[in-house]
Amino acid sequence: MKTESTAKYILRLSLILFVIAGVVALALAGVNSITAPAIEKLNAEKTQLAIEAVLPGGYDEEVTDYADATGLVSKVYKGANGYALEVKPGGFDNTITMMVGVDLDGNVLGISIVSHTETAGLGAVAAAKTSAGEAFRGQFEGQSGSVSVSKDGGQIEAITGATITSRAICVGVNAALDCVGGLG
């Protein structure tokens, strides 16, 4: 009985692993091509609902020519009553995607959290459809200029145990207000 050399054995195992990895990659690409349109449609619907939540009357056009010194504003939508801005500040765990409505006078109309990965029961309260979540988000309505949490001398009461998330949302609102201030 002849035994296989070590080099041939390693080469054979490497080729088998390569073929398996290739098959799995093709399968994942296939699944992605099937699910990508549905995911894109759901994200568009979530964005539309967020805009409607923060900008009464919706929007007429997407503004492409805007200045954002922070790099946090990713999209701006203009409506008859003001602007809806998609802002992506960094939270405790990762980026928080949120929509901020700002009227033509520079006052916050409302905020809506589109997506996040904040800690359940703590930072996730900011996006929750509970009385605590609604109360937190409601604090931003009517604010102008610059907002910050009360621990930093501001007017926003942070979510208990989620000061980093609360600060991140303030940063996002400030970026939106600054951007709208630049739009005139």
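## Fold, sheet and pocket of a predicted model

From the N terminus on, the elements of this protein, seen here as a predicted model, run α-β-β-β-β-β-α-α.

Visitor: How many helices and how many strands are there in the protein?
Guide: The order of elements along the chain, α-β-β-β-β-β-α-α, can be counted off by type. The count for the protein is three helices and five strands.

Visitor: In what order do the strands stand in the sheet?
Guide: The pairings can be followed from β1, which joins β2 in the antiparallel sense over three bridges, while six bridges join β2 to β3, again antiparallel. Strand β3 (residues 82-87) then pairs with strand β4 (residues 97-103) over six bridges. The sheet is open, its pairing is antiparallel, and its order is β1-β2-β3-β4-β5.

Visitor: Which strands stand at the edges, and by how many degrees are neighbouring strands turned against each other on average?
Guide: β1 (61-63) and β5 each have a single partner strand, so one side of each is left without a neighbour in the sheet, and the edge strands are therefore β1 and β5. Between neighbouring strands of this sheet the average turn, with direction ignored, is 25°.

Visitor: Which strands does α1 touch as it packs on the sheet, and what angle does its direction make with that of β5?
Guide: The helix α1 packs on the sheet through contacts with β2 (73-79), β3, β4 and β5. Taken against the direction of β5, the direction of α1 makes an angle of about 160°.

Visitor: Which residue of β4 is the bridge partner of E86?
Guide: E86 lies in β3, where it stands opposite K75, and β3 is joined to β2 by six bridges and by a hairpin through two residues. Strand β3 also pairs with β4, and there the bridge partner of E86 is M99.

Visitor: Which element supplies the largest share of the lining of the largest pocket?
Guide: The lining includes K46, L49, A50 and A53, together with S112, I113 and V114 and, among others, E134 and R137. At least two lining residues come from each of α1 (6-54), β5 (108-115) and α2 (131-138). The largest share, four residues, comes from α1.

Visitor: How many residues of that lining are charged, and how much space lies in the largest pocket?
Guide: The lining residues divide into seven nonpolar, one polar and four charged. The space in this largest pocket is about 230 Å³.

Visitor: What radius of gyration does the protein have, set against that of a compact globule of 184 residues?
Guide: Along the principal axes, the C-alpha atoms fill a box of roughly 85 × 40 × 30 Å. A compact globule of 184 residues would have a radius of gyration near 16 Å, whereas the protein has 23 Å.

How values were computed
Residues numbered from 1 in each chain as written. Predicted model: local features only at pLDDT ≥ 70, side-chain atom pairs only at ≥ 80, totals over all residues. Heavy atoms only, no water. 1 Å grid on protein atoms, 1.4 Å probe; cavity = no way out; pocket = protein on both sides within 12 Å on 5 of 7 lines; lining within 4 Å. Points joined across faces, edges and corners; volume = space filled by probe spheres on them. Nonpolar A, V, L, I, M, F, W, Y, C, P; charged D, E, K, R; others polar. Pairing = 2+ DSSP bridges. Axes fitted to C-alpha atoms, helices over the stretch in contact; angles between N-to-C directions. Contact = heavy atoms within 4.5 Å. Rg over C-alpha atoms; globule rule 2.2 N^0.38 Å.
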